[in-house]
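Walk through this protein chain with the structure open beside you. Begin with how the chain is divided, then move on to what joins its parts.

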Amino acid sequence: MDHGETKRSIMHIAEQFLADKLSNRKQLGNLRQLRTVDHSVDFSSNDYLGLARSTELNKIIQGNYELIQPKRNGSGGSRLLSGNTSFSEELEEYLAHLFQSEASLLFNSGYAANTALLSTIPQKGDTILYDELSHASAKDGIRLSFANRYAFRHNNLNDLEHKLKKAIGRIYIFVESVYSMDGDIAPLEQIIQLSQKYNSALIVDEAHSTGIYGKNGNGLCCEKELEQQVFARIHTFGKAMGIHGACVVGSKVLKDFLINFSRPFIYTTAMNNHSLLAIHSAFNFLEKNHHLKKELQKKVSYFNLLLSDTFGEDELYHHIPSKSPIQALIIQGNEKVKNVSNVLQEKGLDVRPILSPTVKKGQERLRICLHTFNSEKEIQKLFLEMKSAVQAIQ
Ligand SMILES: Cc1ncc(COP(=O)(O)O)c(C=O)c1O
């Protein structure tokens with residue numbers, strides 16, 4: 001065998017391995033595939049307030065962008081090199097003020113912010129206790145850390161306390177204010193009491209509460225006036241704010257530490273000015289359009305009303321109680337939930353199935369996201385179609 005042939009056969013072995021893994025996934029019914037967004041009714045995006053699709057906001061962003069000088073297409077480097085501009089610093093000041101914290105530090109995404117914070121702050125010998133339903137980005141950050149790590153049962157204060165009693169070193173607790181898959185809310189007041197009792201630092205991921213809770217969308221911790229008792233918060237801008245990117249808010253010393261030690265901050269190209277301006281414009285827009293938050297809450301109440309009217313006591317599936325725009329209907333089994341979702345898609349309703357292993361086996365679900373722009377008629381249609389699709393698979 002010559003060198004070329006050896007190389008080809010190594011590639012063949014590697015690709016065969018990948019193909020086998022994919023085919024195994026297909027057999028299990030959980031193969032992930034990309035698809036482009038069509039024109040069906042959006043019950044799946046995180047664009048809760050309709051800002052991602054707002055032509056009005058788009059015009060404001062373009063108008064503001066016309067005014068800035070100099071125009072650069074990209075930032076040209078990381079924040080520590082050529083990628084730092086007055087726009088990033090002004091935006092960080094604005095965000096620190098908005099989120100009522102001493103300082104804020106921008107990241108290119110919530111994924112980067114969570115991996116940065118969790119891999120960098122807890123050290124060897126410390127302990128991280130995290131809710132079992134925490135987002136993958138938090139779990140990845142935790143895996144990168146050298147600290148001890150334990151999951152506690154979802155929103156379960158007894159289990160958290162049990163684990164706090166055994167924790168060693170500096171202790172960090174990680175929770176989400178609104179859970180991305182279940183749409184339910186963390187009992188923040190009680191978690192803070194526990195964090196104080198056991199002298200631990202609380203980190204709250206506000207990805208799904210940013211924009212929809214608190215004054216000008218500053219999140220659930222601020223709405224409940226708890227922000228001073230939280231060590232760090234993560235706010236993302238790709239969900240209700242309709243743009244992309246994220247920030248970590250906390251003390252100045254936390255910010256300086258992340259700038260010095262966090263690899264996802266140091267070794268990446270900074271956001272360009274257009275993105276920074278878009279984030280700033282989206283918060284200004286929200287400030288002038290308070291009605292959006294109320295409009296969203298109306299849609300959530302309407303959904304919950306129809307839910308009890310349509311399914312009553314004899315549930316064909318289990319609904320996780322939620323007052324947030326994220327609603328989860330458990331339909332056990334990848335095949336079943338995919339069938340229901342396919343029927344809904346055929347009827348022009350974009351509702352995505354969440355399969356195991358993204359969620360635990362037995363917790364497969366339709367994840368329904370509600371938006372300001374979903375009409376009552378569309379929500380009615382959703383229930384009608386869901387009821388017949390679910391009955392058909394029984
Ligand atoms: C709770 C939570 N945290 C973090 C992220 C990551 O945010 P981003 O999409 O900005 O990377 C997500 C995204 O789905 C999320 O749901």
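In this predicted model, the domain assignment splits the protein chain in two. Domain 1 takes residues 33-51 together with 291-393. Domain 2 runs over 68-288. The C-alpha centres of the two domains are 28 Å apart.

Now look at where the domains meet. On the domain 1 side, 22 residues are in contact with 23 residues of domain 2. Together the two domains bury about 1700 Å². Carbon and sulfur atoms account for 61% of that area. Which three residues supply the most of the area that domain 1 buries against domain 2? They are Leu51, Lys293 and Ile326, with 32%.

Polar and charged groups also cross this interface. The rule finds 2 salt bridges between domain 1 and domain 2. Find the side chains of Lys360 and Glu132: they form a salt bridge, with N to O at 3.1 Å. Across the interface of the two domains there are also 9 residue pairs in polar contact. Three elements each give two or more residues to the side of domain 1 that touches domain 2: α12 (291-311), β10 (326-330) and β13 (365-369). The largest share, 3 residues, comes from α12. Sorted by class, this side of domain 1 has 12 nonpolar, 4 polar and 6 charged residues.

Turn next to the ligand. It is surrounded by 13 residues. The closest are Gly110, Tyr111, Asp205, His208 and Lys239. Gly110 uses its backbone: an N or O atom there lies 2.7 Å from an oxygen atom of the ligand. Lys239 uses its side chain, where a polar atom lies 2.9 Å from a ligand oxygen. His135 also brings in a polar side-chain atom, 3.2 Å from an oxygen atom of the ligand.

Finish with the backbone. Most peptide bonds are trans, and most residues other than glycine have a negative phi. Where does this chain depart from that pattern? A cis peptide bond joins Gln69 and Pro70, with omega about -10 degrees. Pro70 sits in the loop between α2 (55-67) and α3 (86-98). The bond from Ser356 to Pro357 is cis too, with omega near 15 degrees. Pro357 belongs to the loop between β12 (352-354) and β13. Gln100 is a case of positive phi in a residue other than glycine, at near 50 degrees. Look for Gln100 in the loop between α3 and β2 (103-107).

How values were computed:
Residues are numbered from 1 along each chain as its sequence is written. This is a predicted model: local features need pLDDT of at least 70, side-chain atom pairs count only at pLDDT 80 or more; totals for chains, interfaces and linings use all residues. Side-chain values use heavy atoms; hydrogens and water are left out. Domain bounds come from an automatic or database domain assignment. Contact means heavy atoms within 4.5 Å. Buried area is the accessible area (1.4 Å probe) that two parts lose on being put together, summed over both. A salt bridge is a side-chain nitrogen of Lys or Arg within 4 Å of a carboxyl oxygen of Asp or Glu. A polar contact is a pair of N or O atoms within 3.5 Å; within protein, one must be able to donate a hydrogen and the other to accept it, and residues adjacent in sequence count only if both atoms are side-chain atoms. Helices (H or I, at least four residues) and strands (E, at least two) are DSSP runs, numbered from the N terminus. Ala, Val, Leu, Ile, Met, Phe, Trp, Tyr, Cys and Pro count as nonpolar, Asp, Glu, Lys and Arg as charged, and the others, Gly among them, as polar. A residue is near a molecule or strand if one of its heavy atoms lies within 4 Å of it.
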